[in-house]
Amino acid sequence: MSTAAASHLSPAFPERAAWGTASKLRAWQQAALSSYLEQDPRDFLAVATPGAGKTTYALRLATELLGRGTISAVTIVAPTEHLKTQWAEAAARVGIHIDPKFSNSSARHSSEYHGVALTYAQVASRPSLHRTRTESASTLVILDEIHHGGDNLSWGDAIREAFEPATRRLALTGTPFRSDTSPIPFVTYAEDRDGIRRSSADYTYGYAEALRDGVVRPVLFLAYGGAMRWRTKAGDEIAARLGEMLTKDAMAHAWRTALDPKGEWIPSVLAAADKRLTEVRRGVPDAGGLVIASNQTSARAYAKILESITGEKVTTVLSDDAGSSERIEEYAAGDSRWMVAVRMVSEGVDVPRLCVGVYATSTSTPLFFAQAVGRFVRARRRGETASVFLPSVPVILEHAARLEDERDHALDRPQKDDGSAAAMWAEEDALLEAANRTTRTPDIEQLTFEALESDAEFDHVLFDAKQFGLNAVVGSDEEQEYLGLPGLLEPDQMAVLLHERQTAQHGRRPKAAEPAPVSAHRALAAQRKELNKLVAAYARKNNAPHGVVHNDLRRACGGPSLEEATSEQVTARIDKIRAWFVGRR
């Protein structure tokens, strides 16, 4: 086969190339291609950040191998049904005809095709069938987002069985790291200085490099906190602020309370994101926004809220089926404002006009977060910046600050003496399994609490791992100054403007006056008043007399009656009853 068609493929295929590029490959694509052809390996792992052009690279390599007679067939394995179609369309542009509708039941395809596109789940259901197909011709297997090959032991075993006879295997991923220790098929692991086995890529092109090259957009993260209140399974009402230091359970409940569409947090953040999208569209007229939801119920509710805000129909993608692919393609080709989808759409879906995102899911793994942010970073023209709205949750803010870090998949876990490392990894395993699963996404399990109310507050902007801005009321001029940042700015210009906005905001804040001296009796009276308010609220919540609550506090903290208690003793009782409110006795 001639490589002429692939030679004229856009470096950003299936979209148009970014500024300054012609029909030639990008530098990293050419370097990775040269490295492959020089090594002539059977297995090759290319790690490239989302938006860098892995599809172009893989198809150019496929045409080279077909043209040289090294292979005569191509099998593409992708995470979702939608991506099968996307790969087939891309391959057709370079003269490689792929059947995305191949089914295990028929086990046949037309002789007009050079090969087939499959999902990982499809391979796992009948590995022997695909092994027979692989043995029947000299085959190149392209394993897109290869980390899915480690989703569970049976999947890994099936992929090894099906493609062990392949003539060549090209593994691709933008996020090679996983939080579990399931080995990924056909990936080489090497021990580091600490004796931990980590994945070893044959070629790596990270986000930081792509950002320097102008291949991807820089990301502006806008974090929102606020007051949350919920009722536990035991019937206790608890209040906390999103963004403050909380216990693991309290943070999870506060986070999910924020995401409840019946509260005020989600409508406020969606309205802010839509304002940001309006500003971006001044410079990027077809800019679109994507809300990533945890489940179908929330996705439908978010879509209704956006429709009430914008007065425009919202594209809603709820499951991985043919209808969803059509809706995604229609949205990608149009210029409508918003799409709402469950989390499965976060990986591998190429809609380069997406510029604004809302991370409205409680999934917290670094793998999923990187995949989600990857939907917004594909650059098309100079100065484009992605804007992603986040809840002020420490683990998510840490992922955002570490976006440029390069990671590898570790098969071994460094253990601390107290076993805390093991606990940390175990905490992520269930989330990771759900985030990587590519079957239909059902509504998540019934929560063990009831969200009561929430409100939103603008916390800060995170850009280039630096924090800008002070807390501001939603809808305030201070918030608008950050939402109204120009949609087309070079990274250095964005940093300068953020510094200017922050300085101006500091200047407008009144300086705190020196506190006037307070007499001891007034201070103690204020403490007693605060304690009495807390006792009244606690008594009301537990349907108990005030005197009983006061007596319980005396028994727990010691000391005399409230009238005789010192300031230190009253403070101790205030701390104790606050602990009772959050379930700590």
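Start by selecting Y57 in this predicted model. Y57 is buried, with a relative accessible area of 1%. Now add W28 to the selection: W28 is buried too, at a relative accessible area of 3%. Both values fall under 20%, so both residues earn the word "buried".

**The ring pair**

Show the side chains of these two residues. How are the rings of W28 and Y57 arranged? They form a tilted aromatic pair, with 5.7 Å from centre to centre and 45 degrees between the planes. That angle counts as tilted because stacked planes are under 30 degrees apart and edge-to-face planes over 60. W28 belongs to helix 2 and Y57 to helix 3, so the pair ties together parts that are 29 residues apart in sequence.

Next, add Y203 and Y205 to your selection. Ring pairs link W28, Y57, Y203 and Y205 into a cluster. If you would like to keep hunting for rings, the whole structure holds eleven aromatic pairs.

**The two helices**

Now select residues 27–39 for helix 2 and residues 54–68 for helix 3. Their axes lie 10 Å apart, and the helices pack at an angle of about 35 degrees. Turn the view until one helix lies in front of the other: helix 2 passes helix 3 in a right-handed crossing.

Which residues meet here? On the helix 2 side, pick W28, Q29, A32, L33, Y36 and L37. Their partners in helix 3 are K54, T56, Y57, R60, L61, E64, L65 and R68. Colour this contact by residue type and you will find eight nonpolar, two polar and four charged residues.

**Charges over rings**

Move on to R133 and F102. The charged end of R133 sits over the ring of F102, 5.2 Å from the ring centre. Then select R169 with F186: here the charged end of R169 sits over the F186 ring, and the distance to the centre is 4.0 Å.

**A stop in a loop**

For the last stop, select S336. Where is S336 found? Look in the loop that runs between helix 12 (322–333) and strand 14 (338–342). Is S336 buried or partly exposed? S336 is partly exposed, with a relative accessible area of 22%.

Bring up A287 as well. A287 and S336 are 49 residues apart along the chain, and their C-alpha atoms are separated by 8.4 Å. A287 is also one of the residues that S336 touches. Leaving aside residues up to four places away in sequence, the other contacts of S336 are R281, G288, E312, T315, Y331 and R353.

Conventions
Residues numbered from 1 in each chain as written. Predicted model: local features only at pLDDT ≥ 70, side-chain atom pairs only at ≥ 80, totals over all residues. Heavy atoms only, no water. Axes fitted to C-alpha atoms, helices over the stretch in contact; angles between N-to-C directions. Helix = DSSP H or I, 4+ residues; strand = E, 2+ residues; numbered from the N terminus. Left-handed = near helix turned anticlockwise from the far one by under 90°. Contact = heavy atoms within 4.5 Å. Nonpolar A, V, L, I, M, F, W, Y, C, P; charged D, E, K, R; others polar. Phe/Tyr/Trp six-rings, centres within 6.5 Å; stacked < 30°, edge-to-face > 60°. Buried < 20%, exposed > 50% of the residue type's maximum accessible area, 1.4 Å probe, protein only. Lys NZ or Arg CZ within 6 Å of the ring centre and 35° of its normal.
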